[in-house]
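Here are three short exercises to work through with the model open beside you. Try each task before you read its solution.

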Amino acid sequence: MKTDVEIAQEAKVQPIAEIAKSFGLAEDEIEMYGKKKAKITLDTWNRLKDKPNGKLVLVTAINPTPAGEGKTTTSVGLADAFHKLGRNAAVALREPSLGPCFGLKGGAAGGGYSQVVPMEDINLHFTGDFHAITTAHNLLAAVIDNHIQQGNALDIDVRRIVWKRVLDLNDRALRHVVIGLGGKAHGVPRETGFDITVASEMMAILCLATSLEDMKRRIGEIVVAYTRGGRAVRAKELNVTGALTLLFKDAIKPNLVQTLEGTPALIHGGPFANIAHGCNSIMATKFALKLADVVVTEAGFGADLGAEKFLDIKCRFAGFHPDAVVIVATVRALKMHGGLPKTELGKVDMAALEKGMANLLKHIENIHAFGLPAVVAINAFPTDTKEELEFVREKCEELGASVALSEVWAKGGEGGIELAKKVEEAMKKPQNFHYTYDVDETIDEKLTKIAKTIYGADGVDFTDAAKKQKKEIEDLGLDKMPICVAKTQYSLSDDATKLGRPTGFRITVRELKVSAGAGFIVALTGNILTMPGLPKHPAAENMDITEDGKITGLF
């Protein structure tokens with residue numbers, strides 16, 4: 001069986017200029033990055049802004065398991081299926097991070113015959129957007145330390161600098177570091193640390209900004225530290241907002257590539273959904289909606305994380321919402337949620353399947369709670385039996401969700417025709433879209449509504465440190481913003497070991513952080529980390545490149 005990278009390397013890829021032309025873009029509206037990649041110029045928006053939007057389909061999933069679900073693969077395959085049905089379709093995705101690429105997950109550009117290409121480039125550096133984010137973030141960090149070194153005119157409390165540094169790799173040794181050692185000439189010693197680039201507020205700003213001017217304004221509002229008197233210090237007070245924004249002059253432009261079947265793909269931005277808001281950029285989605293009749297997009301991890309943040313944060317800022325939501329599941333993953341070990345997922349166990357189904361059913365309930373129609377995509381595996389598949393279909397339909405078998409990994413767009421037709425039917429259903437909470441509610445009220453409605457928790461508890469931070473945020477008048485919950489992706493709860501649909505639990509918030517530039521408050525729960533570590537045998541060990549430049553082992 002061919003690997004994903006082998007399939008991608010053997011594909012006959014069209015010149016990106018041809019894809020752009022078929023997508024309705026003029027020659028002077030794209031900037032070429034070689035023959036296979038391009039960026040769409042910002043001026044293009046002036047021509048497109050008054051066009052009506054196409055239909056938007058959000059793809060999400062059950063809580064992920066080691067058995068695999070295939071959310072990105074399904075997203076790509078669904079867009080290809082719409083393309084095969086004669087629709088003017090596009091897919092809008094996030095850019096993969098180098099951290100998980102070299103860590104546990106490997107590459108992230110779809111799989112099998114439902115991929116975006118050039119797969120190697122997309123996974124490795126792509127058009128340099130993440131490097132721009134990393135550099136801008138670290139420039140701001142350097143300016144903060146230089147300001148303190150040069151006299152600290154803003155009276156920054158060196159113990160309360162909240163702006164860390166970032167790196168787009170998994171490196172647990174950098175979570176907590178001491179800088180400024182070596183004497184007076186080398187800075188002021190203090191404790192700090194590194195986050196992964198995708199957790200940076202700069203990443204969130206890139207994905208939520210609607211223009212370069214909006215991005216500059218948002219960057220200026222970033223809270224970087226607090227003074228000894230307790231006042232929040234903003235990035236704009238350091239007089240480098242212009243310099244930080246100019247680093248994004250190219251990164252802010254949406255990237256255009258294609259699927260294996262020639263469907264246009266806009267891939268732009270890449271925040272993690274367990275520690276950030278987990279959606280591709282508003283700009284890329286807006287461009288896609290103007291250029292295509294049907295746009296398929298995804299949100300990271302399970303619907304309790306990515307979909308909730310897509311709907312409560314991204315849609316709130318962007319002014320649009322999906323016409324239908326696809327929830328991806330596999331029989332294997334559902335059995336694992338039902339307590340079956342990974343080594344036994346190939347065998348029929350209806351009791352485990354029924355128990356694990358509770359996880360999928362909760363996600364369906366959540367999507368319906370937003371007032372949107374849900375379609376379940378069962379990502380097919382050879383070990384699935386007719387009895388198992390019919391059981392899943394029956395239980396989903398009882399909740400009013402239609403179900404389709406997806407075979408896009410093996411068959412590309414052809415394997416997603418049934419799913420595309422079910423989604424088209426769902427988009428015709430009446431909608432009553434609404435958010436989980438109102439931004440003007442208190443932090444307690446907003447978090448409680450997310451915890452009870454989306455996770456099924458009994459309530460929310462705050463550690464003493466979080467209570468103090470909550471009061472400070474309220475005193476500073478920064479509490480009337482959406483909430484971005486950082487939580488384990490593996491469970492509806494904040495405990496990764498509680499699979500299925502846990503009950504009788506509470507969510508513990510251990511830290512609250514203001515992302516005033518992005519426009520939300522981050523609530524860290526459980527033991528979630530903003531700088532991941534590498535596993536015992538990272539994916540990097542399987543990767544290589546030949547003398548003629550051929551890459552192997554990249555997923």
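On a 1 Å grid over the protein atoms alone, a pocket is an open set of points with protein on both sides within 12 Å along at least five of seven lines, a cavity is a set where a 1.4 Å probe fits but cannot get out, and lining residues have an atom within 4 Å of a point. The model is predicted, so local features need pLDDT of at least 70 and side-chain atom pairs count only at pLDDT 80 or more, while totals for chains, interfaces and linings use all residues. Residues are numbered from 1 along each chain as its sequence is written, and side-chain values use heavy atoms, with hydrogens and water left out.

**Exercise 1. Describe the second largest pocket and its lining.**

Step 1: start at the centre. Of the 44 lining residues, Ile-161, Val-162, Lys-164, Glu-511 and Lys-513 lie nearest to it.

Step 2: add the volume, which is the space filled by probe spheres set on grid points joined across faces, edges and corners. For this pocket, that space is about 1,200 Å³.

Step 3: find the contributing elements, taking helices (H or I, at least four residues) and strands (E, at least two) as DSSP runs numbered from the N terminus. Those supplying at least two residues include β7 (156-161), α8 (201-208), α19 (464-475) and β22 (507-515). With six residues, β22 gives the most.

Step 4: sort by class. Ala, Val, Leu, Ile, Met, Phe, Trp, Tyr, Cys and Pro count as nonpolar, Asp, Glu, Lys and Arg as charged, and the others, Gly among them, as polar. The lining holds 23 nonpolar, eight polar and 13 charged residues.

**Exercise 2. Place strand β17 among its neighbours.**

Step 1: check burial (buried is under 20% relative accessible area, exposed over 50%, partly exposed in between; 1.4 Å probe, protein chains only). In β17 (residues 324-329), six of six residues are buried.

Step 2: separate the faces. In a regular strand, side chains alternate between the two faces of the sheet. Ala-324, Val-326 and Val-328 are on one side of β17, and Val-325, Ile-327 and Ala-329 on the other.

Step 3: look for partners; two strands pair if DSSP finds at least two bridges between them. β3 (residues 55-61) runs parallel to β17 with five bridges, and Thr-60 has Ile-327 as its bridge partner. β18 (residues 374-379) also pairs with β17 in the parallel sense, over five bridges, with Ala-329 opposite Ile-378.

**Exercise 3. Find the largest cavity.**

Step 1: count. There is one cavity of 30 Å³ or more.

Step 2: give its volume. The largest cavity has about 80 Å³.

Step 3: name its lining. Among the residues there are Glu-95, His-125, Phe-130 and Asp-168. Two or more come from each of α6 (119-123) and α7 (129-149).
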